[in-house]
Amino acid sequence: SLRKKPFIHFRIMSKPNKHESKRGSKRESKRCVEAQCLPILQHKATLTKLVKDNVFLVVTGETGSGKTTQLPQYLYEAGLWKGGIIGITQPRRVAAITVAQRVSQEMHFTLGKEVGYQVRFDDCTSQATVVKYMTDGCLLREILADPGLSQYSVVILDEAHERSLNTDILLGLLKKTLLQADKGSKDGSVRLRVVVMSATLETDKLSTFLGHCPVFTIPGRTFPVTSRFGNAIGPKEVDIALEVHVSEVAGDILVFLTGQSEIEKACDMLYEKAESIDYRYDVQDQTVEGLLILPLYGSMPTDQQRQIFQAPPSGIRKCVVATNIAATSLTINGIKYIVDSGFVKQLNHNSRVGMDILEVVPISKSEAQQRAGRAGRTSAGKCFRIYSNEFWEKCMLDYTVPEIQRASLTSVVLTLKCLGVHDVIRFPYLDHPEERLLLEALKQLYQFDAIDRRGQVTQLGRLIMEFPLHPGLTRALLKAAAYGCEDILLPLAAMLSVENIFIRPGHPEKQKEADKKQRNMAAQSGGMNDFATLLSVFQCDSPSAWCKENWIHWRALKSAFSIETQLREILLRLQQKKDFPVETFAGNKSELFRRCLCTGYFTNVARRSIGKIFSTMDGHGTAVHVHPSSSLFDQEAELDWVIFHDMMVTSRVYLRTVCPIRYDWVKDLLPKLHEVDAYELSNIAREEVNEEELAKLESKEAKRQKGILKLEKR
Ligand code: ADP
Ligand code: MG
C-alpha cells in the first residue's frame, strides 16, 4: 500500500515558531518531572550533609546523573548560600552558560539574579547571585584578588576528570590554603567547603591528594552499548549517520567531530544527502519520518543551543553533530546512537615550534569509551567508530594526557607567582607538569619582563596579570597605552580574543567569493598587514549589513565590541594609578602600531631565508610559510622580517595573522630571547634527566603523531 509519508528535513530552525514554543512549554513541565527521577535525587540528604561536614569532598557519578544541575540546588535549599556564594566551576564556557540557564529555569529564577554565570568577557551575575556557574579561569582570577575566597561558602570544582589546566591549579591552591587553615581552626567550624566532582573513577587519586577526604559515588544504572569499528579513518561520519538513520530503529544520533567548520560542513552534507531519502521505501523503521540536524559547538548562539535539549517532534529523529563538549559537559537526552570520528581538537605545546598550537589529535581509549557511553543512558545503544581496531591499538593512548602536561604554563606560572607561590616547581600538583614546560614558562615571563632574574614578579608583571589576555598581547597593549595610542591596540586585542571573525563557507564557490571579499578588505586597510585588517573590520560603519556582505561573523564582531569596552575599563582603572608608565613616540601611525606589536610579539619574529621560506628567530629556527589566508601570501618576495600572531602546523608550519616589520624595531628585544638559562630563574639545580620518564613521553608523542599523520592522509 502506498502510505503517504511526509518528507520532513529540518536543517536548523533558528527561531521556534509559535506552535513549537507551545509544545516546548509542555515539554518544560515534563522535564521538571525528569529532574525528580535523576539518580542523584535519592541521595540528596546524604550529599548535603557530607558537604556541610567536610572541608573537602569528592563526588563521582555517571555523566547525566545530575551532579552539575542538581547538587548546587540541594545546597541552596539547605541554606548554604546564607554563608556565601555557591560557586561551580566548569572548564568550558559554553557549559557554564548553558547549565546556569537550565538551573535558573528549574529554580524559577531570572538568569543573572539568584542564579548567574561568569565567563571571560561575559558576566551575568548581580548582587543577588548566590548560585554562580563560572569557568575555572574566572575563579582563578578571583583568587588573585581574594585568596581566601571570602565571598564563597562552597566551591564546586566540576568536571575534574577533564583535567583542565585551571582546574588542576585550583585543586593545588585550595589544597594548599585549606589544609593549612584546617589545622589552624580548633572549633571545628568550616567556612569554605570544596567539592570536587568527576565523572570517572580516578577518585581515589583525588581523595588521597586532598588529604584522604570522603568520596561519594552516585550509583547509576547504564545500559549496554555495543561498539563497532570501521575499517579506516576518513570523512565517513556523514555516510554512517545516514546509514544509521535509514536502517536503525528510532532513537537520536550524536556525531562527534572536531570543530566548528567540520561540523558546519557535515551538517550541510547531511542535509543535502538526506533530501534524497524516500521515507516510504528507504527507511527500515516506518515510525521515522524525518531528520532534524543540529550542530553543537562552543561559539554557537545560545538560542540555537537550547534546541539541542528539546525532544524532537514525534516521528522525527534528531541528529546532533557536536564537538567533545557533548562527551561529558552537556548531556542530551534520547541519544541511542553514537558516530565517533576518533579525533578531538586540543591545545598542545608543540616543541618543534616552541608554541601552543591547536591540533587535531586522536582521542584516548577512555575518551572513546566515554563517548560511546552517551548512547546508553536510557536504553541499550550502539556506537559506530569510524576508525579501525588497529587505529585503536596503535594510535590511541589509554588515558588523555592532562592539559598541565601538554600546554604552555606561562599564564598559570605568572598567576602562581602573583599569589606568592614562588617555588612553582614544588607546588602541589595533582600530576606534576614536565619540568621543561615550567622552565619554558619562566623563561617566557622573563623575556616579557614579567619576572626578574630572581624569579620575582615585576611591576609590569602585575599589570600584565590584570588583563585576561596572552602576556605578549598585553605587553603590546600596555606599550600602546604608554604612548597614548591605546585606541588602536584595544580593538586589536579584542579582535584577537574572539574566534572566527571571518566566515569560511564549506561550498567552494562561496569560499572563492569570501576569499575575494577578504582580500579586498585587506587591500582597503592598506594591505600587507593582517593585524591592520582586523582593526579596520572593527572600525567599519553600519556593521550588521556590512558583515553579511563581507562574510564576517556579525556575532563575533559584536562580542569583540563588548570585549574592547571591558579591556578599556581595565586599562582606565590602571591608568589612574600613579605609577602607570608613560612614554613619547615620534613617528607615523602605521609605524607606531607595528612597533607596539613588536613589543609583545618579539618572541614571534621570523625572517625570510629563501624564496617563500621564513625562519623563526626564537632559537628554534623553524622553517615556516605564510598561510594562504594572510594578505601577505604570495607577496613574500617583498618581505624580509615579519611578526605573527599564531601558527598552524600540518606537514608544514604556517604563520597566521602576519605583518612586516623592520629589523631595527626588534633588534634590541631579540637578545632577550637568549639571555638567560631558565634554570637560573627557577632557583633549582639542573637535574639528571630521568631516562625512563623521557622514554615514556616519547612513546606517547609517537602515538599521537601517528594518528595525526593518518588524519592528514585522508
Ligand atoms: P551530570 O553533571 O551528572 O553529568 P547534569 O546535571 O549535567 O548531569 O544533567 C542532568 C540532567 O539534566 C540530564 O538528563 C540532562 O539532559 C539535563 N539537562 C542538563 N542541562 C540541560 C539543559 N540545558 N536543558 C535541558 N536539559 C538539561
Ligand atoms: Mg556535569
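This is a walk through several helices and loops of the structure above. The model is a predicted one, and we will take it roughly from the start of the chain to its end.

Let us begin with a pair of helices. Two packed helices are described by the angle between their axes and the distance between the axes. Helix α3, residues 67–77, packs with helix α4, residues 93–106, at an angle of about 50°, and the axes lie 10 Å apart. That angle makes α3 oblique to α4. The crossing of α3 past α4 is right-handed. If you want to find the place where they meet, look for Thr68, Thr69, Pro72 and Gln73 on α3, and for Val99, Arg102, Val103 and Glu106 on α4. Sorted by class, the residues of this contact are 3 nonpolar, 3 polar and 2 charged.

Next come two loop residues with something in common. Leu149 sits in the loop between α5 (136–145) and β7 (152–157). Its phi is positive, about 50°, although Leu149 is not a glycine. Is Leu149 buried or exposed? The count of neighbours settles it: 23 other C-beta atoms lie within 10 Å, so Leu149 is buried, given that 20 or more are needed for that label. Further along, the loop between β7 and α6 (165–184) holds Arg163. Arg163 also has a positive phi without being a glycine, here near 55°. Arg163 has 21 C-beta neighbours inside 10 Å and therefore counts as buried.

For a contrast, turn to helix α7, residues 203–209, where you will find Asp204. Asp204 counts as exposed because it has 11 C-beta neighbours inside 10 Å, and 12 or fewer is the condition for that label. You can also use Asp204 to get a feeling for distances: Val94 is 110 residues away along the chain, and the two C-alpha atoms are separated by 29 Å.

Helix α8, residues 237–247, gives us a chance to ask what lies over a helix. Its buried residues are Glu237, Val238, Ile240, Ala241, Leu242, Val244 and His245. Which elements cover them? The cover includes the helix α9 (260–274), together with the strands β11 (252–256), β12 (290–296), β13 (316–322), β14 (335–340) and β17 (381–385).

Now move on to Leu419, in the loop between α13 (410–418) and α14. Leu419 has 18 other C-beta atoms within 10 Å, so it is partly exposed. Setting aside neighbours within four places in sequence, Leu419 is in contact with Ile143, Leu144 and Pro147. Ser198, by comparison, is 221 residues from Leu419 in sequence and 27 Å from it in space, C-alpha to C-alpha.

After that loop comes α14, which covers residues 435–447. From first C-alpha to last, its 13 residues reach 18 Å, close to the 18 Å expected at 1.5 Å a residue. How much of α14 is covered? Most of this helix is, with 10 of its 13 residues buried. Among them are Leu437, Leu438 and Leu439, as well as Lys443, Gln444 and Tyr446. Following α14 is Asp449, with a positive phi near 60°.

Our last stop is α17, residues 486–497, and the two helices it packs with here. One of these is α16, residues 471–482: the axes of α16 and α17 come within 8 Å and cross at roughly 160°. Angles over 145 degrees count as roughly antiparallel, and α16 and α17 are therefore roughly antiparallel to each other. The crossing of α16 past α17 is left-handed. On the α16 side the contact uses Leu473, Ala476, Leu477, Ala480 and Ala481, and these meet Glu486, Ile488, Leu489, Leu490, Ala493 and Leu496 of α17. By class, that contact has 10 nonpolar, no polar and 1 charged residues.

The other partner is α21, residues 554–575, which packs with α17 at about 130°, with the axes 8 Å apart. That makes α17 oblique to α21, and their crossing is right-handed. Here Glu486, Leu490, Pro491, Ala493, Ala494, Met495 and Ser497 of α17 meet Ala560, Ile563, Glu564, Leu567, Arg568 and Leu571 of α21. This contact has 9 nonpolar, 1 polar and 3 charged residues.

Terms used:
Residues are numbered from 1 along each chain as its sequence is written. Chains are lettered from A and ligands numbered from 1 in the order in which they are written. This is a predicted model: local features need pLDDT of at least 70, side-chain atom pairs count only at pLDDT 80 or more; totals for chains, interfaces and linings use all residues. Axes are lines fitted to C-alpha atoms, for helices over the stretch in contact, and angles run from 0 to 180 degrees between N-to-C directions. Helices (H or I, at least four residues) and strands (E, at least two) are DSSP runs, numbered from the N terminus. Angles under 35 degrees count as roughly parallel, over 145 as roughly antiparallel, 65 to 115 as roughly perpendicular and the rest as oblique. A crossing is left-handed if the near helix is turned anticlockwise from the far one by less than a right angle, and right-handed if clockwise. Two residues are in contact if their C-beta atoms, placed from the backbone, lie within 7 Å. Ala, Val, Leu, Ile, Met, Phe, Trp, Tyr, Cys and Pro count as nonpolar, Asp, Glu, Lys and Arg as charged, and the others, Gly among them, as polar. The expected span of a helix is 1.5 Å times one less than its number of residues.
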